[in-house]
Structures are given as C-alpha cells and as structure tokens.
Amino acid sequence: MRPLLIGLFITATLSVFGQEDLKHYSAVFKAEKPYRIFLPHDYQTSGKRYPVIYFFHGNKRDHKLTYQENLDSLVNAAGVILVAWNGKSVEKDDRPYNIGYHSNINYQVQFKDYFLEFMHHIDSAYRTIPDRQHRAVFGHSMGGFMSFFLAGKYPQLIGTAVNSKGSAEFFLGYPANHTLYSFRYLFKNYYGTRLRFHIGSPREELVHLNTEVLNGALREKALDFTYKFYPGPHDIGFTEFTEGFNFIISSFKNPVAAPKRWNHIDSYADFNVWGYDVSSNLHQPGFIELSGVTQSGFGITTKKWQPDGRPIPGINIKVVTAPVYQPRTSYAVLDYNLVTKSRNVTKVMSDDKGRITINVNHEPHEIGIHKNTDPPEIVLLDYKVNDSSVFLPAKKEGSIRLQLLNRGGKKSEPLKITLTTDKKDVSIEKSTIELAPLVQEQDTWTPAEFKVIASSEPEHDGSPFRVRFNVNISDKKGNTWTEEFDAPVFYDVPAFTDIGIDDGDSEIFGSGNGDNIADPGETVMIYQHSNRTRLFYDDPYIDSERLYDELQPDKWGDGYALSSLIHISKDCPPGHKIKFLAYYEVKEWKTIKRNLTWGWFTITVGKEEPAFPDPKIQLTGRIASTDTACEIYWPGSSVKTRFTGTSLKATLRCQRRSNFFNVIVDGKDVSLLEIDSIKKTYTLADGLPNGEHTVELNRRTDFNDGTTWFYGFEYPDGAEVFDVPQHKRTMEFYGNSITVGSAIEDENGTSGRGTHTNNYLSYGALAARHFDANYYCIARSGIGLMVSWSTPIMPEIYDRLNPFDPNSRWDFSKSTPDIVVINLMQNDAALFEMPGYDQFKSRFGTKAPPPDTVVERYKNFVSRIRVVYPSAHIICALGSMGAVKPGSPWPGYIEKAVSQLNDKKVYPLIFSYINVDRHPNVEEHKKMADQLIGFIEKNIKW
C-alpha cells in the first residue's frame, strides 16, 4: 500500500480509470495544492517502479485532465504514472503559471520552484523511477510553454518534453524583474532532451508564431527534435494527446544520453544545471549563458536579451562546477576576457568533492580548467567579417576569420578548420584551412580567410535571421571539436527614407535635448514614418541599448514587438555617421502573424564637424575638435597653416606647464615654444618676407605632460589663408620612449624633460617626412606590451583618442595608414628581470610568462592592428636599446610571432643595438630612420 506522507490529503479516491484527485501541502505556495494522478491497474500489487509523465494544462483550465476511460487504457497499457498539476497561483485565477505580459506577472512565487517540490513529492509518495530518463513533461497551450520551459530549465531532471501548440514567448520571473523568454532562440538548452512539438494548422491561432519556434529548433543540428502539424482549432484532441503520450513511452524505452558538451541559458540569478551551481546578483531582466561546457572549461556571459543582447553591467557570477575533477588537486584556470582581450591564469585547488569555484564579472569569458597532462581542447572565441565587422555583405564576397583558443592542457597538433552552413543561399569558396599547433592557453586568429557570398533574403516573420555557420576542427590524432556561430547579413533591402529621431521630445522614449538630432550622450529611438524600428549595427559609438516591448493588438495578444533605444556615447565625434540595418513590425489581428519590413539608413550624430578649426588648417595626429578648441595629446601631433603675410600668432593653453612644441616655419625648425597653463597668445613667427608661408606647431613631448588646447591662429591684416597640401601617404607608429624621442637631446640620454624630448627628430618622424607621409605617433615613455613602468600597457590605450580617458575611442576610419610600425617590448624586456617591481607583481604575480605566451600576446596585439587596418603593411620592429643587445631572446620572440601570423604584409625589423645604456640621441635616431627607410624601400611597394 502507498505510504501516507505528512501533508498528503486524499479528497477523492475514484476507482474508475485508476484516477485519484489529491492535495499536498506546498511549502513554496504555503498552501495546499491539488493534483490529479492516474495509476496503472497493477500499481497496488506489482511492487514495481514506474516512469512518470507530468501534464500541464492551458489557460482557464486546471488539473482535472480527463479523456474518459480512454486515458485509463493508455496509462494501463504503457505502465506509467500520469500526473496533472494545478498551474494556478491562487484558486481564483483563470490564467496559470504567473507568466505572460507584464500585467500578467503578479506573484513572487515561481512555478520553476514548485515543480521541483511537486516532483520530489511524487517521487516520495509513489513508486516512481526517479531519474531523468523516466521522467517526462507534456503540456498544451500555456502548459506547452511550461513543458518546454521546465525541460530547458532542468535538462538534468527531464528526459522528454512534448509541447502541444504552446505559446511562442512569454515574460516570466518576478513582478519587479521578469524577462522575455522566446523559445526560438533557446534550443541550445535542450541537448540531451528529446523534444516533440505539435503545431496547429492551418486555422489554429498560434500557427504563425509557432512556425518561428519551429524554424529556431531546426537550426540546431544535433537536437533530438520532431514535430507534427495538427489541423483544427487551438485545442488538444485525444488523437493528438495519444500520439504525444506514445512518443514519451517510446522515449522511455530508448532514452537520450546526457550530453558530453552542453549549453545553458537561464533567466534567473541562481540555478543548478547538470551539477553546476551558478549564483549571481542578477536582479534585472536578462540571462546568464553557459556555453561549450566540458571538463576542460566553459564560456560564460550575461546578456540583456537573446540572442544578441549586450552584457549586463554590474553583474558578478560565481560558478561551482560539478564534481568532475580529482579532489584536493591543483588545476590551472585560464580566464580569457573577450572584451578586454586579457587573460589571467591562476592555480586553483579543487574541493573535497572535486568541484572548482570560478568567479567572473558580467563580460564574456572563456574559462579553461586543466592540468598540464590534460589533452588539448580547441574552442571558438570570435569571428570577424572583412577584419572589421560582424555583418556579411549582401550578394558579394566577404572574408571571415576565426579566433580560436586552446583551453586544454597540452599543445595541439596542426589543425584543420572546416567551415560549413546549411543555408543554400550562402556559398563558401574555400571551406577548409590549416592552422599551426596551439599551445595551452594560446589564442590566435586564422591567418587565412574563408571567402563567403551570402545571397540571403531577410525573414519576414520573427524567425531567426542570422546565418548559422558550423565549424569543425580536427587534428592528425583524430581529435575533433565542433563549434558554431551566427553572422547577420546586411541585406540588400530598400532604404528607409522617412526617418525620425526621438531624443526626448516625446517625453516617453528617447532622452536628450529634443531637437530630433542624435547628439553625443543622448538616448534615441528611431522611426521609419510612424513605426518604431529594431536596429542592427556595428558601431563603437553606440555604447548601450535597451529594447522597448509592446503588445500590438491582435486576437489573443501573443508575440511581442520589439524596438531599439540606443545610447550614443559621449565621446562620439560630431559628424560621425552610423549605418543601420533595421525593421519594423506590424501584426495581423486575426491570424496573430508578425510582418517585418526591412530597410537600411544612415544617421549623422550631432551637427557636421564643428566650424573650429578652419578647414584650411591641417590637423595631423589623434586630435579632438570642439566648437572652441582642438585638444592635442599625442607626441608628434601637429597643427599647420598656409597663408600670406609676415607674422603669425597662436592662442594655446596647457594642462600643466611642461609641454613644449616645435615651431616649424617653411619646413625649418626655428624655435622651441613652452606652453603656459594659462590661456595665452604666442608669436610663432615675425619679420617674415612678405609672401606665402607655412607654419606648423609640432608637439615634441610625451602625452604624460598633459593635454594642450589650441584655440586658433591669428593672421596679420590682409592675410590670405590657403589649403595645406595633403600628403598621399600615411604612417602610424606604436611605441615607447624610443618612439617618443625621449631624451634625444640630452647628452646623458636619460632626461625626459620637454626640452630634451623632441619627437620631431625621432626616427619615425624622420622616416615619415622622407616619404612625404602623414605622421601619427601613439607612444608613451615606459610603456610595454605586457607590463609597463606605470599602469597602462599599450593594448589598453592603443585605441584611445584621449589617452587619459578609458572611455575615449579613436575613430580608426579617420586615418588609414599605408604602413604601421610597432616598436614595443623594450620595457617588457627590462621588467621581466624585476619580479619585485609593483607592476610586475600586478601583471604576473611571482613569475614572468613563458616565451610562448610572450609570442602569443605580441601576435594578439598585431592582430588587433590588423583588424582596424586590414590593408596596411605592418612592420614589427624592436630596438635600439637593451632588448636587441647580443644574446637577447626578444628579437626571436618578434620573429617567431611574425612567422606564426603568416601574413604577407607583416614584417620583422630589428634595429641595430646602440651599445650604450641610454636612450638613442639625435644621430642614432637618424641611423634608425635610415634603417627603416631602407627596409621599406627594399620590401614594400606602396
């Protein structure tokens, strides 16, 4: 006889059909909850244990599932227990499960918690087979939504799920914090679970929305998923019920194995899945996403929405792994941050059960967990189209590079990477490339490119529209790893021409000055005519986005229209243009069908470039312009004018009184100008022959000496101002004090004072003038690639406009260099020998990274430059101080990195050692310039 547990109350025992209506006390709801259970006829006498099917009812229904005596026949013949729960939060509710639109979420109690309690109650009160292979869920309509939701929430507990005409998407969670849960983007949760989806057709109300769900499921190659269309209205007849029931019985007999590699996307702050405990401070709508989970590690990030939401700032996550590691054993844990491109390797001890604890922030991370004896494991980190974008061009060739990481313990064999897609309108010219071995914790971009042509047309309903690419990675030992990524196509669609911008004038959506212009620092919603648009873009000056959802009128109110509210960063330069792919959505009332209209458009941020400075003034270098001044930061930056007259003045101010400029008149360096911290007007030239002249102010000092503000030139009466001739070439230099020209005019070669530092005479400036090229210098004394004498390293500031401001970003499209010269690692070489130095300890701990890591970090930086300058020649230089002295390993690191990059436009250049313990002087810089000039003339055609 079944034991009577505390809190189990039998209200009716019906011998007909083996059905019982019962109640149990729920600690979750703090109330009795009813349910209906169907037992096979032999339950009381067999002593056997039975599989369990949980049935979830739909809207305005309850637990009283009945199909008369036919249901008893199904249960008895299959030898299963069938349980129907009650989905009402309180008895008076018609609408179940506390899900729907915002106004439908009224209770703090969550059915995801009640399911665990109810499942444990059934397993305790009845002779069940209490494992996932013999536990299934089956639901109709809103219950169908719950069936798929719970199976994806608890794949370690549920082996089979059937969804009959379930809603495509609902908000779920707490009244003050709930998230839009759209199944078409969430099928990665279901690997290891067998799914069946029933879709109504052709008159059923949810057929169009559920077709979107179906299209989302069919993208997943290894998903155990079947579906069937059922004619008729939105109901579940006995034939349909029977087929779903029998599908589950068949699955019990041949269950799906737990996945060896899995993903999970969860909308709650804390959860457990496949033995992994995740806890966080997520208290706003959004998701925590685990990907590619194996014993060798996992990916983890937060997203505001699926599938492409931005990370959620301020979220901290703790992951305690399943007990899959050796207890009380030391493991190397790699944390690769995909936003900062930084890596951190620490030693972590597993606990007594073999679990490891990982803590990360909200940004995307790839975590590797291994011992040195563990095999390699190759994972995909990122992709880039044409080295700069996420969008595939429409109907013309684009190139894709992949970024891969070895998060395993051993070095891999040489790799073969194959790229495929099931999209028939996407072709891949060369689908397989080869890659050199990857050492542990090494990442790299593929040196070769996959050539892809996407002729895709946009989806006109809410089906996922990005192109799914499958990545197969293999080595000669027979190891294989599979990855995938989704890339959007910038469709060949008509332009939206009736664009309106809400930047606060509606007092509902955007926020700003309300002038209908997208200005820096504003949040805007963009309209095509009267329709709010959903935006897709790849622009660094959009620094955040949130989605506005609305329930468009239709017969039932299912499916939500989303539009974008974007924030333009404060440092976005006025006049910057942003190109969008977009759609707006209109829903058919009776059929509940989404109709998407696609288009593209471009907006200009703010007004065009400010009137200051006069466009005839030539600015060279990373210089910011405002309405009243130019801000000059980097060494070698210059302001140049061409005019008629005998004199010239300029008004300037310096952040602090340590900044010096060369005054170059008609190509000759004629004077040294020290700038005061008080705004003043300085005479740059006087007593010139009457006629045409050029005058240039050239910053000779390091950016550490502070920002200089240039307010304009003052020309003599009657002067005529001309355009300054443009250079046809551009050179850009990344370096340290050598490239700055520090101490170049100090006889001891050590002083960093502005009177001794002179970037105008540095090797880079000399080479640029030799080739009549624009000169950009991104350099700082003491800086390194991996460690510096002070806080920042070059990868942390290389993309800044204002080097002092972490949020200031340079628009790389403003200057496209023909040649980039990277001369770093001198300071790294020195500091690698100083483990007691604060910056060494801060960056490395107690031990300097091994040579392979040095090579890899150098390659990563060069790859970043390649991404922003896909066509530039890149010279990887080193010298001319101690890093290149005889016997130094550092030139070899540079040469090895260049070799591994396998890029025909990347070259090594080792400058001659000056053989003294000081900075190079003027003559030595000339020798460096000659060496660089000779190298370029011999090796580069430009």
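Which strands form the open sheet of five, and in what order? The order is E42-E43-E50-E45-E48, and the pairing is antiparallel.

This is a predicted model, in which local features need pLDDT of at least 70 and side-chain atom pairs count only at pLDDT 80 or more, while totals for chains, interfaces and linings use all residues. Residues are numbered from 1 along each chain as its sequence is written, and side-chain values use heavy atoms, with hydrogens and water left out.

**Stop 1: the five-strand sheet**

Select the five strands named above. Strands here are DSSP runs of E with at least two residues, helices are runs of H or I with at least four, and both are numbered from the N terminus. Two strands count as paired if DSSP finds at least two bridges between them. E42 and strand E48 (680-685) stand at the edges with a single partner strand each, so one side of each has no neighbour in the sheet. From one strand to the next, the twist averages 35 degrees; axes for such angles are lines fitted to C-alpha atoms, for helices over the stretch in contact, and angles run from 0 to 180 degrees between N-to-C directions.

Zoom in on E42 and E43, which run antiparallel and are joined by three bridges. Ala 624 stands opposite Glu 631 in E43.

Now select Asp 627, in the loop between strand E42 (623-625) and strand E43 (630-632). Is Asp 627 buried or exposed? Asp 627 is exposed, with a relative accessible area of 64%. The terms are set as follows: buried is under 20% relative accessible area, exposed is over 50%, and partly exposed is in between (1.4 Å probe, protein chains only). Add Tyr 711, which is 84 residues from Asp 627 along the chain; their C-alpha atoms are separated by 9.7 Å.

**Stop 2: the four-strand sheet**

Select E13, E14, E17 and E20, which form an open sheet in the order E13-E14-E17-E20 with antiparallel pairing. Strand E13 (271-273) and strand E20 (357-360) are the edges; each has a single partner strand, so one side of each is left without a neighbour in the sheet. The twist here averages 20 degrees from one strand to the next. E13 and strand E14 (residues 276-280) run antiparallel and are joined by three bridges. Across this pair, Asn 272 stands opposite Asp 277 in E14.

**Stop 3: a hairpin**

Go to strand E30 (residues 467-475) and E31, an antiparallel pair with eight bridges. The two form a hairpin with four residues between them, and Gly 478 in the turn has a positive phi of about 90 degrees. Colour Val 471 and Glu 483: Glu 483 in E31 is the bridge partner of Val 471.

Which residues make up the covered face of strand E31 (residues 480-487)? They are Trp 481, Glu 483, Phe 485 and Ala 487, while Thr 480, Thr 482, Glu 484 and Asp 486 make up the uncovered face.

**Stop 4: salt bridges**

A salt bridge is a side-chain nitrogen of Lys or Arg within 4 Å of a carboxyl oxygen of Asp or Glu. By this rule the count comes to 56.

- Select Lys 165 and Glu 240, whose side chains meet in a salt bridge (3.3 Å, N to O). Lys 165 is in the loop between strand E7 (160-164) and strand E8 (169-174), and Glu 240 is in helix H6 (residues 238-253), 75 residues apart. Lys 165 counts as buried at 1% relative accessibility, and Glu 240 also counts as buried, at 4%.
- Select Lys 680 and Asp 676, which meet in a salt bridge (2.8 Å, N to O). Lys 680 is partly exposed at 37%, whereas Asp 676 is buried at 10%.
- Select Glu 745 and Arg 700, another salt bridge (2.7 Å, N to O). Glu 745 counts as partly exposed at 36% relative accessibility, and Arg 700 as buried at 3%.

Then select Lys 188, Arg 219, Glu 220, Arg 468, Glu 484 and Asp 486, which are joined into one network by salt bridges that share partners.

**Stop 5: a helix**

Finish at helix H12 (residues 851-868), which has 18 residues. How many of its residues are buried? The helix is mostly covered, with 13 of its 18 residues buried.

Technical notes:
The expected span of a helix is 1.5 Å times one less than its number of residues.
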